[in-house]
Amino acid sequence: MAGGEELGAGGRAFRRLGRGIVRRPWLPIVFWVALLALALPLFGRLNDATQNSAANVSSSAPSAEAAAELARLFPNSSSPTASYLLLTGTNFTQPEGENATLAVAAAVRTDARLTDVASVSTLFSAYQSYLVAQARIALPFLDPSGPNASTETASVASYLWGPAASFYSNWTRLLSENPGAAPASLDYPALEAATGDNVSEAGPVLSAFYGGVAGDLGGFNSTAALGGTGDCPSAPSGALACADATLRATAGAIAGQLDVPPTQSPAFVSGALAALGIENWSDAAALRNATDLSVALESGLPVGWIGALARAFPGAPPSSLAVVEWAGGVADGPVRAYPLPIPVSVSRPFLAPGDQAALVIVAYSVADSTTTSGGGQPVFADVTEINSVVPGALVASAPDGGLSVVQTGPAPLDQDESTVLSQNLAVVLPLTIGILFLITLLYFRAPLAPALTFAGLGISIGLGLAGLVLLATIFGKVDPTALTLENTFVLGVGTDYSIFLAARYREELRKGVPSNEAVVTSVTWAGQSVATSGGTAILATLALAFSGVGLLSQWGETLSLAVLITVLVSLTLVPALLTLVGPRTFWPEVGERAARRRAEEQRRATEERGYFYRAGRRVQRQPGLLIVLILAVSVPLGYLALASPLGYDFYQQLPGGAPATDGLSSYESHFGTGAAFPTQVLVTFRGPLLVGGLPNATEFRDLANVTALIAGTSGVAQVVSPIGEYGAPLSTWLNATEAGPGQQADLALALEPYLGSDGRTVLLTVVTSSSGLSAAAVGTLHAMESSLGSYDRGHPDITSVGYGGGASVTSDLSAQTEAATERMILAVSIGLVIVLFVALRSWVIPPLAVGTIFLSIGWAWGSTQLVFAYAFGLSLYFFVPTVMFILILGLGIDYNIFLLTRVREERLRGRSSKEAVREAVARTGGIITAAAVILAGAFASLTAGDFLLLRAIGFSVAAAVILDAMVVRTYLVPSALHLLGDRVWPRSRTPEAEPGPSP
């Protein structure tokens with residue numbers, strides 16, 4: 001062993017650590033077991049520490065700011081989470097479909113086992129709300145604060161039609177009494193009689209009816225001006241119709257001059273004239289129709305709707321509860337009997353085009369990440385309960401079959417993610433342990449060695465999970481993927497660290513070194529490598545923690561703490577166990593068998609036999625050629641790595657066959673590909689949209705232009721706006737001053753869902769022709785941003801435009817991840833160079849080592865794309881290359897460290913650079929390969945799961961580790977060191993022993 005001076009401060013510290021463990025081996029064992037015992041209560045809070053947060057962005061991201069504005073200005077626009085019950089198989093505006101929808105909704109509303117359902121919405125409940133709002137607009141016109149509408153109509157009818165009816169009654173009486181008289185000769189006597197009958201009302205109405213109006217309109221006595229062939233009396237059989245037409249024309253012409261009691265409302269005059277006649281002016285049914293028409297004319301609302309309300313509430317003004325109950329009864333009745341057609345703005349969220357699919361939307365009062373004190377997840381429990389009761393309710397409503405229902409939406413999709421991850425963990429964890437146990441067993445050929453290794457791993461995993469709970473308590477909950485990734489990471493690196501220490505211990509035993517001294521040597525030299533390797537892994541995972549991207553930060557926090565714990569356990573607990581168990585660790589290689597093995601190892605070292613000695617000699621003979629060949633292979637793989645597209649849809653990472661994911665596909669096929677995750681555009685204007693309840697023309701013109709710009713953007717399938725398909729044409733808004741007060745109120749009501757509480761911000765919903773989480777949707781979003789940005793700059797009345805929703809969140813996540821990746825790669829690379837410089841005392845080797853890792857990363861990413869994208873047609877999520885880069889930077893350097901620290905050790909023993917490289921490759925080749933296979937096996941086990949994101953990460957890291965160990969560490973780095981020679985190393989002092997094969 002080199003002297004203390006050559007060891008340096010770090011080496012001396014590790015030697016002291018080794019000696020301390022040898023003196024008191026029970027101390028670290030008791031410490032870690034006691035710490036694990038203290039951590040046990042935290043395991044019960046694991047469920048409470050996790051929540052689905054893959055799509056979380058930082059609060060400063062534009063999409064997060066837009067979401068905050070949406071929550072502030074539109075507080076009732078969304079719930080913490082929701083389920084979509086998708087019904088298919090019939091026309092859902094027909095009785096069968098309506099009954100099925102109502103039955104499913106009732107099953108959810110009445111299920112007492114559902115604990116956190118806030119509301120259940122259907123097309124019919126939405127129509128009920130629409131009817132209630134329309135009724136509140138119309139009812140005041142039916143019962144004004146003065147005389148009620150019916151009384152007013154009767155009074156107006158008496159004033160307008162009473163004198164003419166009296167005249168016509170007297171005229172027909174005189175005609176029957178004087179059969180031979182000319183009908184026209186009876187006009188004036190009838191007028192005198194009518195004047196006597198209507199002393200107070202025989203003024204302008206009767207005068208105009210009889211004599212006409214200012215020569216333009218003839219009266220009953222002369223009707224040629226009305227388009228007839230003569231006066232009304234000239235054709236007694238048509239006199240009644242002629243009299244009706246005469247009064248409507250003449251009274252209508254002077255309506256503004258009439259003092260009509262008890263109102264001056266032109267609508268009631270027009271309604272009474274249009275709906276009544278001499279023959280029915282006092283008939284109750286006719287008066288009801290006249291009242292409906294008058295109210296409709298006055299309010300601007302449909303006459304049929306006014307009639308329906310009048311029939312529903314014939315007496316005193318109804319209470320709000322009565323209106324709601326009445327509207328509910330109407331909405332639950334046949335659609336064909338609805339008093340108002342279902343507006344598109346009401347039907348579109350619930351009814352697919354063609355009416356062949358319908359939604360029942362279940363909103364929850366809490367987020368699906370909420371957990372109870374006992375660790376339960378109430379929303380997921382509700383999702384499961386809904387899945388159990390809804391199919392039966394559907395079958396009961398449609399026993400003939402043909403209908404189907406599936407639950408999808410945010411809550412079920414998140415439950416699918418949690419379920420898939422739990423299932424993966426149940427498969428991956430035992431598979432990983434089994435693989436690592438088998439590889440360790442094969443490497444050491446001793447059953448006790450893997451048991452000793454896994455004792456430390458068990459403590460590392462347990463404390464790592466407890467640490468995850470603490471981190472979640474301090475910094476916020478983590479995504480469930482962190483559990484799977486942490487366990488895999490700890491098992492991989494922990495096994496590597498443990499077997500590296502155990503292998504060095506066995507190497508020293510084979511040299512004939514006493515057991516305790518072998519433990520000290522193992523901690524002194526292999527311990528430095530483990531600590532350096534662990535430090536680089538912590539550095540890399542800490543870079544993830546400070547990435548600023550929610551999911552990556554959570555992974556970084558949990559992994560960095562888990563690696564720290566694993567390093568400390570490996571450096572203390574494993575040597576303590578080796579001290580206590582001693583050479584029996586490698587049974588049956590004990591006694592004479594150990595002696596024979598030791599002799600064989602000495603002979604192999606002397607004769608330089610074995611694969612890695614041959615590899616070392618090959619490097620010495622042709623270093624340049626090997627470097628050229630390796631770099632040549634890198635070109636096509638590098639091209640694949642750079643040219644292959646990435647996926648943006650997180651839910652595509654879930655496996656097919658799960659109800660929620662299949663339901664999402666069905667939902668998109670019926671409602672539109674981009675309907676599930678639309679983009680929300682918040683347009684804020686300088687002035688209010690409504691002034692005095694009427695539209696502000698400037699703002700509405702700008703809004704119309706913005707809507708048109710969005711609709712004209714390539715990739716936009718639909719824009720939900722108050723101006724357009726769901727709203728009214730721009731002309732209707734601009735001409736609102738000319739509409740009736742009911743129409744104006746209806747326009748203001750129609751604007752409510754789109755208008756924020758500030759009165760200046762409008763919400764537009766944009767549905768893309770591709771999935772709202774896809775790269776195409778992100779491209780469409782950027783095109784919208786560009787066109788609206790140009791328009792915004794030229795129109796100062798628009799103060800801001802914000803973008804939220806699926807594509808916006810995805811875009812921000814992608815941009816944040818890309819920026820964070822660049823920062824992290826730079827920071828980790830610099831950090832690794834510094835760590836390697838401290839460990840190796842060379843300025844040249846650290847950047848060389850880091851550069852070779854980038855080569856491994858390029859190979860691994862190219863191989864991953866070749867397998868996943870080209871062979872299987874799978875779209876890899878954009879997180880994958882970032883995670884792969886950082887993890888491989890942190891893990892791939894391990895084998896550089898294991899090799900280079902051994903080269904430095906051999907240099908300190910007095911060997912030349914070339915000799916040290918050859919000896920280091922030979923001595924560490926087996927253990928590095930074994931460690932690489934172990935780590936690759938750990939990550940490769942992730943591919944056994946169904947979660948594509950973790951499968952891709954597992955495959956890419958496994959490929960990188962194997963390529964790094966078998967090619968880069970075995971051939972490329974030694975070739976480069978061979979060409980560089982002694983000048984890259986600091987001068988060695990005189991060695992304690994002559995160089996030669998390591999003793």
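This tour proceeds through selected sites of a predicted model, giving at each stop what to select and what is found there.

**The disulfide**

Begin with Cys232 and Cys242, and display their sulfur atoms. A disulfide joins these two residues, with an S to S distance of 2.0 Å. The count of disulfides in the structure comes to 1. Rotate the view to look along the S-S bond of Cys232 and Cys242: the torsion about it is about -70°, so the disulfide is left-handed. Next, colour the surrounding elements. Cys232 belongs to the loop between α8 (204–211) and α9 (239–253), whereas Cys242 is in helix α9; the two cysteines are 10 residues apart, and the pair is classed as linking distant parts of the chain. Are these cysteines buried or exposed? Cys232 counts as buried because its relative accessibility is 2%. Cys242, at 19%, also counts as buried, since the cut-off for that class is under 20% relative accessible area.

**Aromatic pairs**

Turn now to the aromatic side chains, of which the structure holds 19 pairs. Select Trp305 and Trp326 for one of them: the ring centres are 5.9 Å apart and the planes meet at 35°, a tilted arrangement. This pair links distant parts of the chain, with Trp305 in helix α12 (residues 303–312) and Trp326 in helix α13 (residues 320–331), 21 residues apart. Both tryptophans, Trp305 and Trp326, are buried.

Move next to Tyr667 and Phe671. Their rings form a stacked pair, with 5.0 Å from centre to centre and 15° between the planes. Here both partners, Tyr667 and Phe671, lie in helix α24 (residues 659–671), separated by 4 residues, or about one turn of the helix. Tyr667 and Phe671 are both buried.

**An aromatic cluster and a charge over a ring**

For a grouping of several rings, select Phe167, Tyr168, Trp171, Phe209, Tyr210 and Phe220, which form one aromatic cluster. Then select Arg506 together with Phe586. Where does Arg506 lie relative to the ring of Phe586? Arg506 is placed over the face of that ring, at 5.9 Å from the centre of the Phe586 ring.

**A nonpolar surface patch**

Switch to a surface representation and select Leu826, Ile830, Ile834 and Val838. These residues make a nonpolar surface patch of about 380 Å². Within the patch, pick out Ile830, found in helix α29 (residues 806–840). Ile830 counts as partly exposed because its relative accessibility is 45%.

**Two residues with positive phi**

The last stops concern the backbone. Select Asp355, a residue other than glycine with a positive phi, near 65°. Asp355 is located in the loop between α14 (344–347) and β3 (357–364). With a relative accessibility of 24%, Asp355 counts as partly exposed.

Finish at Arg445, which is likewise not a glycine and has a positive phi, near 55°. Which elements flank the loop that holds Arg445? That loop runs between α16 (410–444) and α17 (448–475). The relative accessible area of Arg445 is 60%, so Arg445 is exposed.

Notes. Residues numbered from 1 in each chain as written. Predicted model: local features only at pLDDT ≥ 70, side-chain atom pairs only at ≥ 80, totals over all residues. Heavy atoms only, no water. Buried < 20%, exposed > 50% of the residue type's maximum accessible area, 1.4 Å probe, protein only. Patch = residues over 30% accessible without salt bridge, like charges linked within 9 Å, V, L, I, M, F, W, Y side chains within 5 Å. Areas by Shrake-Rupley, 256 points an atom, 1.4 Å probe, with all protein chains shown as cover. Salt bridge = Lys/Arg side-chain N within 4 Å of Asp/Glu carboxyl O. Phe/Tyr/Trp six-rings, centres within 6.5 Å; stacked < 30°, edge-to-face > 60°. Lys NZ or Arg CZ within 6 Å of the ring centre and 35° of its normal. Disulfide = S-S within 2.5 Å.
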